[in-house]
Amino acid sequence: MNGPSRPKILLIEDEAKTARAVLNGLKTEGFIPSLASTGEEGFFLLNSEPFDAVVLDWMLPGRSGLEVLKTVRAKDSQTPVLLLTARDALEDRIAGLDSGADDYLVKPFALAELAARLRALLRRATAESSVEEKLTHWHVADLDVDSAARRVTRAGRALDLTPREFDLLLQLLRNAERIVSRETLAREVWQEIRRATPLDNVIDVHIARLRRKVDDGFASRLIHTVRGVGFVLREEPNT
């Protein structure tokens, strides 16, 4: 992070009125915001200078927000990205999160909530950096995870995980052999303080996809659902 009290935020937003309001709100909340009006300009700025977080509008002229997000994630898996969207359907939320967004906020939104979510993302990024300085390699059964390189292998086979799937797996690894509730995943991975049914569905979809990638085709299962409680990472033979 560029500084403990003045984080640098890149806002990528083409609608002038929204951009002005968000810029002013971020300044009032103690951030140092910069504006890009197109996806191309945003990508250029991201490659030109460091930012602590990105606020990215989904509907941009030219390169869409999702296209920008996927390109950013191909080069940088660490910088937190909050997606602004008018799309509130479950499949749209999943598409945004699967593309690498760390959080999303549905328009219209309160500037105070945007600032609070950014602070939460920055706290999480700082905490994860601290953890990774202490422990960057995890090993359970034949599963190996390098958190610094964000690389996952099982029995020597590389697993291709989305950023959200990787974060979910890391949360389960940190609590191996212990049940992790949906409330914990909502708080630690999605930064949601209050759990809502739509987010429960999103969590379940991501866990199901992660389980297929981690467990299918291997002799033992690692990711288990504890009905009505949550999930646990432990080795059990396939039956």
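Me: Happy to dive in: how enclosed is strand β1 (residues 8-12) by the rest of the structure?

Reply: Five of the five residues of β1 are buried, so this strand is largely enclosed by the rest of the structure. Buried means under 20% relative accessible area, with a 1.4 Å probe and protein chains only. Strands here are DSSP runs of E with at least two residues, helices are runs of H or I with at least four, and both are numbered from the N terminus. A word on the source: this is a predicted model, where local features need pLDDT of at least 70, side-chain atom pairs count only at pLDDT 80 or more, and totals for chains, interfaces and linings use all residues. Residues are numbered from 1 along each chain as its sequence is written, and side-chain values use heavy atoms, with hydrogens and water left out.

Me: Which way do the side chains of β1 point?

Reply: In a regular strand the side chains alternate between the two faces of the sheet. Here Lys8, Leu10 and Ile12 point one way from β1, while Ile9 and Leu11 point the other way.

Me: Thanks! In what order do the strands of the open sheet lie?

Reply: Strands of a sheet pair through backbone hydrogen bonds, either parallel or antiparallel. This open sheet has five strands in the order β2-β1-β3-β4-β5, with parallel pairing. Its edge strands, β2 (32-36) and β5 (103-106), each pair on one side only. Neighbouring strands are turned by 20° against each other on average, direction ignored.

Me: How many bridges join β1 to β2?

Reply: Five bridges join these parallel strands, and two strands count as paired if DSSP finds at least two bridges between them. Look for Leu10 opposite Ser34 in β2. Toward the other edge, β4 (residues 81-85) and β5 pair in the parallel sense over four bridges, with Leu82 partnered by Asp103 in β5.

Me: At what angle do helices α2 and α3 pack?

Reply: Two packed helices are described by the angle between their axes and the distance between the axes. For α2 (residues 39-48) and α3 (residues 65-75), the angle is about 15° and the axes are 10 Å apart. The two helices are therefore roughly parallel to each other, a label for angles under 35 degrees.

Me: Which residues of α2 and α3 meet?

Reply: Gly39, Phe43, Leu46 and Asn47 in α2 meet Val68, Thr71, Val72 and Lys75 in α3, where contact means heavy atoms within 4.5 Å.

Me: And how much of the chain is buried?

Reply: Buried residues make up 49% of the 239 residues in the chain.

Definitions and conventions: Axes are lines fitted to C-alpha atoms, for helices over the stretch in contact, and angles run from 0 to 180 degrees between N-to-C directions. Angles under 35 degrees count as roughly parallel, over 145 as roughly antiparallel, 65 to 115 as roughly perpendicular and the rest as oblique. Buried means under 20% relative accessible area, exposed over 50%, partly exposed in between (1.4 Å probe, protein chains only).
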